[in-house]
Amino acid sequence: MRKRRIYCIVFTLLLIWVHSSLAQDAPVLFEANFDDGTIPESLHIQYGTHSISDGILSYAVDNGGFLVIPDGITWTNYALEARLRITSGSVWLQARTGGDLCSGYYLTMNLNNDFYDLSMANADCDFSVFESRESAGVPSDWLTARIEVNGNQITAYIDDEALFTATDDHYTVGYPTINIFSGDDDPAQVDFDVIRVIDLSVTTPDVEATPAVEATPTADIESTPEVSPTETVSVELPV
C-alpha cells in the first residue's frame, strides 16, 4: 500500500508539473511594457495623442482610436491582455480582427454607461452580445483585462475573474486590437502599463507513458484517502 500511495503522489505531482510547465512555457507572441520609453514597431497607434512617462503609455482620443498589432493577422488561438487604467471613455479588447474592425470578438468595458459585455462583430458593424453585466463605474485604480480565443471558446476576464464564456465558430483567425472610444462630450483617457499577447496553441504532453502512472490501479488510487488528484490539480494560463 505504501508503494501505491507513493505512485499516486507522483502522479498528482506530475499533473501539477505539466500544467505549470505549460503556463511557464507558453510563447509570448507580443509584449510591450514601455519601460524603455518607446513603442514597439509592431504596435500601431491610430488617431488620438499619446505619450510615455515612467513606463506608462498614456493615450487620449476625442472620438475613437486604436492600438493594432497587424503582425497577428494569421494568429488563431491566443490571449490578448492589458494592464490599464481608465480615466474616461470605454475600452474594447478585440480578438481575431479581420480586414476591418467589423469582425472578431470583443470584451467591452463601457464605463460611460457602466457595463461590461462579451460580443461578436457582424459584417454591418452591428454587434451580437453573448453576455453582459453591470460594472461599478470607472475604476479608481489599475485593472487587468484579458480576452482569450481558443478554438471555438471565447473567454473574458477582469483581474483574473472569468466574467464571460461563449462558444462560436464565426471567426477563427485575425490580429488583436485595443479600441478606445470617448464618452458623450468628454475625450477618452486610458493609461497602459503592459500589453501582451500569449499563444494558446499549446499541446498537453502525453503523461500516459509514465511508468508510475501505469503501475497505479485506478481502484487503489480511489481507495487511498491521503491523496486526491482532482482536488490538487489546477489549470491556469499566465497573466
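# Notebook: strands, rings and one disulfide

**Entry 1: strand 7 and its partners.** I began with strand 7 and strand 8, which run antiparallel and are joined by six bridges. This is a predicted model, so I kept an eye on confidence as I went along. Strand 7 covers residues 90-97, and it also pairs with strand 14 in the antiparallel sense, over six bridges. I then looked for residues that face each other across these pairings. Leucine 93 turned out handy, as it stands opposite leucine 107 in strand 8 and opposite isoleucine 178 in strand 14. I also noted threonine 97, whose bridge partner in strand 14 is tyrosine 175. Is strand 7 enclosed or open to the outside? I found eight of its eight residues buried, so strand 7 is largely enclosed by the rest of the structure.

**Entry 2: the sheet around strand 7.** Next I stepped back to the sheet. It is an open sheet of seven strands, in the order 2-5-14-7-8-9-10, with antiparallel pairing. Which strands stand at the edges? I found strand 2 (44-46) and strand 10 (127-134) there; each has a single partner strand, so one side of each is left without a neighbour in the sheet. From one strand to the next, the twist averages 15°.

**Entry 3: aspartate 117.** I picked one residue in strand 9, aspartate 117, and asked how covered it is. Its relative accessible area is 7%, so I wrote it down as buried. What does aspartate 117 touch, leaving aside neighbours within four places in sequence? My list reads Tyr106, Leu107, Thr108, Val129, Glu131, Ser132 and Phe164. For glutamate 131 I also checked the backbone: its C-alpha atom is separated from that of aspartate 117 by 5.6 Å, with the two positions 14 residues apart along the chain counted as their spacing.

**Entry 4: the disulfide.** How many disulfides does the structure hold? I counted one, joining cysteine 102 to cysteine 125 with an S to S distance of 1.4 Å. Cysteine 102 sits in the loop between strand 7 and strand 8, while cysteine 125 sits in the loop between strand 9 (115-121) and strand 10. The two are 23 residues apart, and the pair links distant parts of the chain. I compared their surroundings too. Cysteine 102 has 15% relative accessibility and counts as buried, whereas cysteine 125, at 41%, counts as partly exposed.

**Entry 5: aromatic pairs.** I turned to the rings of Phe, Tyr and Trp, pairing those with centres within 6.5 Å. By this rule I get nine aromatic pairs. In one of them, the rings of tryptophan 75 and tyrosine 78 have centres 6.1 Å apart and planes at 70°, so I logged the pair as edge-to-face. Tryptophan 75 is buried at 15% relative accessibility, and tyrosine 78 is buried at 0%. Another pair is tyrosine 105 with tyrosine 171: the ring centres lie 5.4 Å apart and the planes are at 80°, so this one is edge-to-face as well. Where do these two tyrosines lie? Tyrosine 105 is in strand 8 (residues 105-110) and tyrosine 171 is in the loop between strand 13 (161-167) and strand 14 (175-181), so the pair ties together parts that are 66 residues apart in sequence. Both tyrosine 105 and tyrosine 171 are buried. I also followed ring pairs through a cluster made of Tyr47, Phe66, Trp92, Tyr106, Phe127 and Phe181.

**Entry 6: strand 11.** My last strand was strand 11 (residues 143-150), which is mostly covered, with seven of its eight residues buried. Seven bridges join it to strand 6 (residues 78-88), and the two run antiparallel. Across that pairing, leucine 80 stands opposite isoleucine 147. Strand 11 also runs antiparallel to strand 12 (residues 153-158), joined by six bridges, and here alanine 145 stands opposite isoleucine 158. Strand 11 and strand 12 form a hairpin with two residues between them, and in the turn I found glycine 151 with a positive phi of about 65°.

**Entry 7: how far to trust it.** Finally I checked confidence. The mean pLDDT of the protein chain is 79, and 71% of its residues reach 70 or more. Over residues 1-23 the pLDDT is below 50, and this stretch has 38 contacts in the model beyond near neighbours in sequence. Residues 203-239 also stay under 50, with 53 contacts beyond four places in sequence. Where pLDDT is low, the predicted coordinates should not be read in detail.

How values were computed. Residues are numbered from 1 along each chain as its sequence is written. This is a predicted model: local features need pLDDT of at least 70, side-chain atom pairs count only at pLDDT 80 or more; totals for chains, interfaces and linings use all residues. Side-chain values use heavy atoms; hydrogens and water are left out. Rings of Phe, Tyr and Trp (its six-membered ring) pair if their centres lie within 6.5 Å; planes under 30 degrees apart count as stacked, over 60 as edge-to-face and the rest as tilted. Buried means under 20% relative accessible area, exposed over 50%, partly exposed in between (1.4 Å probe, protein chains only). Helices (H or I, at least four residues) and strands (E, at least two) are DSSP runs, numbered from the N terminus. Two strands pair if DSSP finds at least two bridges between them. Axes are lines fitted to C-alpha atoms, for helices over the stretch in contact, and angles run from 0 to 180 degrees between N-to-C directions. pLDDT is the predictor's confidence in each residue, from 0 to 100. Contact means heavy atoms within 4.5 Å. A disulfide is a pair of cysteine sulfur atoms within 2.5 Å.
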